[in-house]
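The following report considers the overall form of a protein and the salt bridges found in it. Please look over the sequence and the structure first.

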Amino acid sequence: MKYLLFLLLAALGAAAPARATPILQVHLQIEPATHTFTCRYRFTLPASDTTSVVRLNLSSRFKLQPVLAPRAEQARAVPVVYAGDSLQQIQVRYAPNPRQSRYIELVYAGSISETNYTNHVAFLSGHSNWLPFRPLQEYEVLPYQLVVRVPPGYQVRSTSPPSQQKAGRWTFRGTTSAIELTAFVAKQFYPVVAATGPAITLLKTGSPPARPDSVMLRQAEAVAAFYNRTIGRLDSIARFTVFLPGTNSEAYGLLDNATVITYDDFDVAKTEDLLVMAHEISHKWWAYGSFHDETDWLNEAFATYSSLLYLQASGDEASYQKELSRLAQTTPGTPPLWGFDRYAHEYPMHRRVIYNKGTGILHALRTRIGTEQFVALLAQSAAQKTSTTTDFLQLVKQIAGPETSAWLLAELKR
């Protein structure tokens, strides 16, 4: 079994991990006509992982078949409330220190939410809540294999090109967050591809490319080039996909060099839309803080300020200052960012603290240490995949000195 596990890691293109890393194998059947799917999900723990109790949270909307967990002492599904949502938690118990690889296999079926399909596309991705995850580890970075089956006449796209493809079956491999495996299904995709620079693709469904799509592609190229010179210069973008399904619900970034922008009236000629696109592209780097505590500012404030850096660099100083002022007006009277408990407040307060206040603190840090040193700090933080505020403070201490690190801590606690 250890040898087979090694082969799977090699097939997934993953180096031997420094710590025990689970592996995902997902077989997905999508029926676009009925907006339904069936999933066979296998979560494999390597022999070096001695966890005796494994918990996986799954949406209660899905019909789960009996859990398959060879060598487990107990496997059951129980209802839980998690982050305000009703879920089913799969609990699998093993004897202590099992010292051998183990897998848990779940088979479940459900409907694709209305925000994730139209008459020309159906998709499952990072905000679709379609995959299990370990509690508090939605964004655990894992190697995966995703096999997608679709009816004749349909095509599948994901965040990377398929490693295998034949009629009705598409296989993708990569490494990404536990909940961000992605499959877009349509009869026709309309790609708009960058001619120079990083391999950037806008992938539309529903209608052929129009002039605004060409404008968006040029802006995406400019954003990627700017980030590659600044925050991403130690870990640059080589390829990037912008999915445009036209479902009119939201926009979000994906760790695996992609973003989903669903609005069919999205126009980067408008400053607010340009900032959205730049924000989501920057989540290629800003994705390692926890969603559940104040370290989410390492994701959202950093992405917000990165988009503002691009806006300023593009020559729009007036809009840069206007947006900073708008965000600052929302922060008086807010609790400290340090130790912020998102579950003790309504969501608008989370936005005001994590996004807006965090952005103001980053701007103040830049003002204090200067743009050159600030950008070097961001580039190093991005390359190190900083995931805690304490680690970021340590990095500030190394690059800008202990006085600045102490100043930043005081700002975060204010």
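Among contacts between residues at least 6 apart in sequence, what percentage join residues at least 24 apart? In the protein, 66% of such contacts do so, a contact meaning heavy atoms within 4.5 Å. This is a predicted model, in which local features need pLDDT of at least 70 and side-chain atom pairs count only at pLDDT 80 or more, while totals for chains, interfaces and linings use all residues. Residues are numbered from 1 along each chain as its sequence is written, and side-chain values use heavy atoms, with hydrogens and water left out.

**Overall form**

The secondary structure comprises nine helices and 18 strands, where helices (H or I, at least four residues) and strands (E, at least two) are DSSP runs numbered from the N terminus. The radius of gyration of the protein is 22 Å, which agrees with the value near 22 Å for a compact globule of 414 residues; this radius is taken over C-alpha atoms, and the globule rule is 2.2 Å times the number of residues to the power 0.38. Along the principal axes, the C-alpha atoms fill a box of roughly 60 × 55 × 40 Å. Of the 414 residues, 52% count as buried (buried is under 20% relative accessible area, exposed over 50%, partly exposed in between, with a 1.4 Å probe and protein chains only).

**Salt bridges**

A search of the whole structure finds ten salt bridges, each defined as a side-chain nitrogen of Lys or Arg within 4 Å of a carboxyl oxygen of Asp or Glu. The table gives three pairs, among them one that also belongs to a network.

| Pair | N to O distance |
|---|---|
| Glu 105 and Arg 42 | 2.8 Å |
| Arg 134 and Glu 140 | 2.5 Å |
| Arg 342 and Asp 296 | 3.8 Å |

Glu 105 lies in strand β7 (residues 102-111) and Arg 42 in strand β2 (residues 36-45), so their salt bridge ties together parts that are 63 residues apart in sequence. Glu 105 is buried, at 10% relative accessible area, whereas Arg 42 is partly exposed at 24%. Together with Arg 40, these two residues are linked in a network of salt bridges.

In the second pair, Arg 134 is buried with a relative accessible area of 13%, and Glu 140 is likewise buried, at 10%.

In the third pair, Arg 342 lies in the loop between α5 (317-328) and α6 (347-369) and Asp 296 in the loop between α3 (271-282) and α4 (297-313), so the salt bridge ties together parts that are 46 residues apart in sequence. Arg 342 is buried at 12% relative accessible area, and Asp 296 is buried at 3%.
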